[in-house]
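User: Hi! I have a new structure open and could use some help reading it. Can we go through it together?
Analyst: Sure, let's put it on the screen.
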Amino acid sequence: MNCPKCGVHISPFDLKPNCKKCGVNILLYSQEYLLERDAKRTELEFASGRIILAKVKAGFIGGALQIARLVVTLLCVAALLIPFADFSISTPAFSTDMSLGGIGIYNLFSGDMLSAIPGFAGSALFGGMMKNILILLGIVLLIALCDIALLIGWLLNFINIKKSAKAFSVISAIGFALCIVFYIAGFIFHSKALPSYMSFRLGFGALAAAIMFIVNFVINLKIHKKDIQLKVREYDFERKETLQKIKKGELDFDDLPLPVFETEEEKEKRLHELEEILKQEDE
């Protein structure tokens, strides 16, 4: 083994506690060396943790806009529960009801209706009307995907608050456009003369969702333009950058002082404590 201080080779048969060259106590010096490295690592890693916590706080509850975004995002999802439209078929041989909205989509995929749709679309009796319903249903599915993207993105927005707000604005604009397209297409379909065994009625779901999307668009646009300041300790960003350099192999803990970064307040506090110790020793 080598001396942890001067690096001179120590024979395994040399049982003396002190180095034969520099005289340092090998065991105590090794313990102090490891404790110092751990202290440096703790300082840098805690800074990275504080930055992540500050980003989470700023992204979710960092201001009125962030809190409003949470509420409006949930309302965008809740708007799917309002029927966008209702479609029904009633014949002596067959009858069914279909709600175009979140509940209707759930019933469609959880029941047997999904497997029956190709047959309806290809039939001479229902085919033309069913194709229009499928177009409207496809638009509702795209709106639901926008809601899912907003919800998942909101959960991960702290990774990059600015870029995520910009992405939310784009998704909200797409959702708003889809709601308007649905309402226009539904209005055109509703204006057509339907057979007596069919009925179609527009609901308020598309309008409610469109309002929520446009509000969400405005909120996220304001968040993107807002100067969001993370509340962290002084030098935390420098500590994080130093830790990244250590992980890349550009620096080593041995190259750093302890503490790695010291604020003026901390320096004054340390000097004051040192003065108190010296006074006690003098007494």
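User: How many salt bridges are there in the whole structure?
Analyst: A search finds eight of them. Keep in mind that this is a predicted model.

User: Okay, which residue does Asp252 meet in a salt bridge?
Analyst: The side chain of Asp252 meets that of Arg37, with 3.3 Å from N to O. Asp252 sits in the loop between helix 8 and helix 9, while Arg37 is in helix 1, so the pair ties together parts that are 215 residues apart in sequence.

User: And is Asp252 buried or exposed?
Analyst: In between: Asp252 is partly exposed, at a relative accessible area of 31%.

User: What about Asp86, what does its side chain meet?
Analyst: Asp86 forms a salt bridge with Arg201, at 2.6 Å from N to O. This pair also links distant parts of the chain, with Asp86 in strand 1 and Arg201 in strand 3, 115 residues apart. Asp86 has 23% relative accessibility, which counts as partly exposed.

User: Those strands again! How do strand 1 and strand 3 run?
Analyst: They run antiparallel, and five bridges join them. If you want a place to look, Ile89 stands opposite Met198 of strand 3.

User: Which way do the side chains of strand 3 point?
Analyst: They alternate. Met198, Phe200 and Leu202 point to one face and are buried, whereas Ser199 and Arg201 point to the other face and are not buried. That fits a general pattern: in a regular strand, side chains alternate between the two faces of the sheet.

User: Nice. Switching topic: which residues have the most contacts inside the largest nonpolar core?
Analyst: That core has 42 residues, and the ones with the most contacts inside it include Phe84, Leu100, Ile133 and Phe200. You just met Phe200 as one of the buried residues of strand 3.

User: Which element gives the largest share of this core?
Analyst: Helix 5 does, with ten residues. Several other elements supply at least two residues each, among them helix 2, helix 6, helix 7 and strand 2.

User: Is there a reason to expect such a core?
Analyst: As a general tendency, nonpolar side chains are buried together in soluble globular proteins. Here there is also another core, apart from the largest one, with six residues that include Leu44, Leu243, Phe253 and Leu256.

User: Let's look at helix 8. How many residues does it have?
Analyst: Helix 8 has 13, from 236 to 248. From its first C-alpha to its last it reaches 19 Å, close to the 18 Å expected.

User: Which residues of helix 8 are buried?
Analyst: Asp236, Arg239, Thr242, Leu243 and Ile246 are buried. They cover an arc of only 115 degrees around the axis, which puts them on the same side of helix 8.

User: What comes right after helix 8?
Analyst: Gly249 follows, and its phi is positive, near 90 degrees.

User: Where do Lys245 and Glu241 lie?
Analyst: Both are in helix 8, four residues apart, or about one turn of the helix. Their side chains meet in a salt bridge, at 4.0 Å from N to O. Both ends are partly exposed: Lys245 has a relative accessible area of 32%, and Glu241 has 42%. Elsewhere, salt bridges that share partners join Glu43, Arg50, Asp236 and Arg239 into one network.

User: One more lysine: is Lys40 buried or exposed?
Analyst: Lys40 is buried, with a relative accessible area of 2%. You can find Lys40 in helix 1.

User: So what is Lys40 in contact with, leaving aside its neighbours within four places in sequence?
Analyst: The contacts of Lys40 are Phe253, Asp254, Leu256, Pro257, Leu258 and Val260. Phe253 and Leu256 came up before, as members of the six-residue core.

User: Last thing, the overall picture. How many helices and strands are in the chain?
Analyst: There are nine helices and three strands. Along the sequence they follow the pattern α-α-β-β-α-α-α-α-β-α-α-α. Of the 283 residues, 34% count as buried. Among contacts with a separation of 6 or more, 69% are between residues 24 or more positions apart.

User: Great, that gives me plenty to look at. Thanks!

How values were computed. Residues are numbered from 1 along each chain as its sequence is written. This is a predicted model: local features need pLDDT of at least 70, side-chain atom pairs count only at pLDDT 80 or more; totals for chains, interfaces and linings use all residues. Side-chain values use heavy atoms; hydrogens and water are left out. The expected span of a helix is 1.5 Å times one less than its number of residues. Buried means under 20% relative accessible area, exposed over 50%, partly exposed in between (1.4 Å probe, protein chains only). The arc is that of the directions from the helix axis to the C-beta atoms. Two strands pair if DSSP finds at least two bridges between them. A nonpolar core is a set of buried Ala, Val, Leu, Ile, Met, Phe, Trp, Tyr and Cys residues joined through side-chain atoms within 4.5 Å. Contact means heavy atoms within 4.5 Å.
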